[in-house]
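Visitor: I should like to understand how the terms used for this structure are justified. Could you take me through the reasoning step by step?

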Amino acid sequence: MPTDRLPLLKPRRLRPGDTIALVNPSGAVYERAPYEVASETLAALGFQVREAPNLRARRGMHAGSAEERVADLHAMFADPGVHGLLALTGGSGGNRVLPRLDWELVARNPKFVGGFSDLTALINALHRKTGLVTFHAPLGVSEWNAFSVEQFRAVAMEGAAPVLANPREAGDLLVPRAGRPRTVAAGRARGPLVGGNLAVLTSLAGTPYFPGTEGAILFLEDVNEYVYRVDRMFSTLALSGALDRVAGIVLGGFTNCGPSEGSYGSLTLDEVFDDWLLPLGVPVLAGASFGHIAKKWTLPVGLPAELDAGAGTLTLLEPAVL
């Protein structure tokens, strides 16, 4: 697996009044409401909103052709009036834009780039090829609740280096049940953050866009995958060598990931995690607050962080923005 890393290239922090471009490098959006919701959300955060020229394009399941989506990314990076790029939604198809991107253009114009799910491909490739710190952050259509907004503002706007921890909300129960962090393997580790959606990340295995995992804290999440598929994807990471020398692993939401229909027996997710991750001998935290869940951390790809799996925390070791 690749081990060389470029020097960190940090974008400047986002400020109220900045212009954020809504881009869509991945899946098509078929209704009008998501565009309105995303624009109103960014406005509520204090930003001016720019729609990329091809934002509403559609080609089958993709948000326009790969050429249209790349043209939008290039135009928004090149435009000095645009201060950051936020993906409207995820879906699929982000891998198609990677071979067409002008990495030198991006490196000359470092800006905030945020999104998650299928955006895993773009945010990891951008960091891999340019050193740019990118952001595993809510999408434009995500639920921007108070917790998610607080996390986003701290990391992307205030330039803080916070301790990330799950919200602890028991309601009228004696102890919290939802959003519980779980220590799979105790310990502390330091390293740059890389990762995102497990299925998308494994689709990059063996390509020049796969992140360097040696000495890294690898964070992973997924949605709507049968357990046997999760098991197979972990096997891909293991067989490719991506797990050989990680410093630690953080597992977020594995939402709606259960046994396949008609299954006569299945490992549990916990057993899959144990089988592949305990032999690594590194700290492993599960149930962290990111992924296809409502309350999300904003995770800067490439930034050094410290994992304390026993305490259930992830501490950013320096600001992600200038």
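**Reasoning from values to terms**

Guide: Immediately after α4, Gly131 adopts a positive phi of about 85 degrees. The model is a predicted one.

Visitor: What makes helix α4 "mostly covered"?

Guide: Helix α4 spans residues 120-130, and 10 of its 11 residues are buried. Among them are Leu122, Ile123, Leu126, His127 and Arg128.

Visitor: Why is Thr19 called buried?

Guide: The cut-off for buried is under 20% relative accessible area. Thr19 has 13% relative accessibility, and therefore counts as buried. Thr19 lies in strand β1, residues 19-23. Leaving aside residues up to four places away in sequence, Thr19 touches Gln48, Arg50, Gly81, Val82, His83 and Gly84.

Visitor: How do you know that β1 is largely enclosed by the rest of the structure?

Guide: The conclusion follows because 5 of the 5 residues of β1 are buried. Thr19, Ala21 and Val23 point one way from the strand, Ile20 and Leu22 point the other way, and all are buried. In a regular strand, side chains alternate between the two faces of the sheet.

Visitor: What makes β1 and β2 paired strands?

Guide: Pairing requires at least two bridges between two strands. β1 and β2 (residues 48-51) have 4 bridges, in the parallel sense, and therefore count as paired. Ala21 has Arg50 as its bridge partner in β2. Together with helix α1 (residues 33-44), β1 and β2 make a right-handed β-α-β unit.

Visitor: Over how many bridges do β1 and β3 pair?

Guide: β1 and β3 (residues 84-87) pair over 4 bridges, in the parallel sense. Val23 has Ala87 as its bridge partner in β3.

Visitor: Why is Leu251 called buried?

Guide: Leu251 has a relative accessible area of 0%, against a cut-off of under 20%; it is therefore buried. Leu251 is located in strand β10, residues 248-255, where 7 of the 8 residues are buried.

Visitor: Which residues does Leu251 touch, not counting residues up to four places away in sequence?

Guide: The contacts of Leu251 include Leu220, Phe234, Phe273, Leu277, Leu285 and Phe290. Leu251 and Leu220 are 31 residues apart in sequence, while their C-alpha atoms are 5.0 Å apart in space.

Visitor: How do you know that β10 pairs with both β9 and β11?

Guide: At least two bridges are needed. β10 and β9 (residues 217-223) have 6 bridges in the parallel sense. β10 and β11 (residues 284-286) have 2 bridges, also in the parallel sense, and each pair therefore meets the criterion. Val250 is the bridge partner of Phe219 and also stands opposite Leu285 in β11.

Visitor: What makes the right-handed β-α-β units that contain β10?

Guide: One unit consists of β9, helix α7 (residues 227-239) and β10. Another consists of β10, helix α8 (residues 269-277) and β11.

Visitor: Why are α7 and α8 called roughly parallel?

Guide: The axes of α7 and α8 come within 10 Å and cross at roughly 10 degrees. Angles under 35 degrees count as roughly parallel, and α7 is therefore roughly parallel to α8. By class, their contact has 9 nonpolar, 1 polar and 1 charged residues. Phe234 and Ala238 are among the α7 residues that take part, and Phe273 and Trp276 are among those of α8.

Visitor: Why is one side of β6 and of β7 left without a neighbour in the sheet?

Guide: The open sheet has 8 strands in the order β6-β14-β13-β8-β9-β10-β11-β7, with mixed pairing. β6 (163-165) and β7 (182-185) stand at its edges with a single partner strand each, so one side of each has no neighbour in the sheet. Neighbouring strands of this sheet are turned by 30 degrees against each other on average, direction ignored.

Visitor: In what sense do β8 and β13 pair?

Guide: β8 (residues 188-197) and β13 (residues 304-308) pair in the antiparallel sense over 5 bridges. Ala189 stands opposite Leu307 in β13. Helix α8 packs on the sheet, touching β7, β10 and β11, and its direction makes about 160 degrees with that of β10.

Terms used:
Residues numbered from 1 in each chain as written. Predicted model: local features only at pLDDT ≥ 70, side-chain atom pairs only at ≥ 80, totals over all residues. Heavy atoms only, no water. Buried < 20%, exposed > 50% of the residue type's maximum accessible area, 1.4 Å probe, protein only. Contact = heavy atoms within 4.5 Å. Right-handed = clockwise from strand over helix to strand, strands pointing away. Axes fitted to C-alpha atoms, helices over the stretch in contact; angles between N-to-C directions. Parallel < 35°, antiparallel > 145°, perpendicular 65-115°, else oblique. Nonpolar A, V, L, I, M, F, W, Y, C, P; charged D, E, K, R; others polar.
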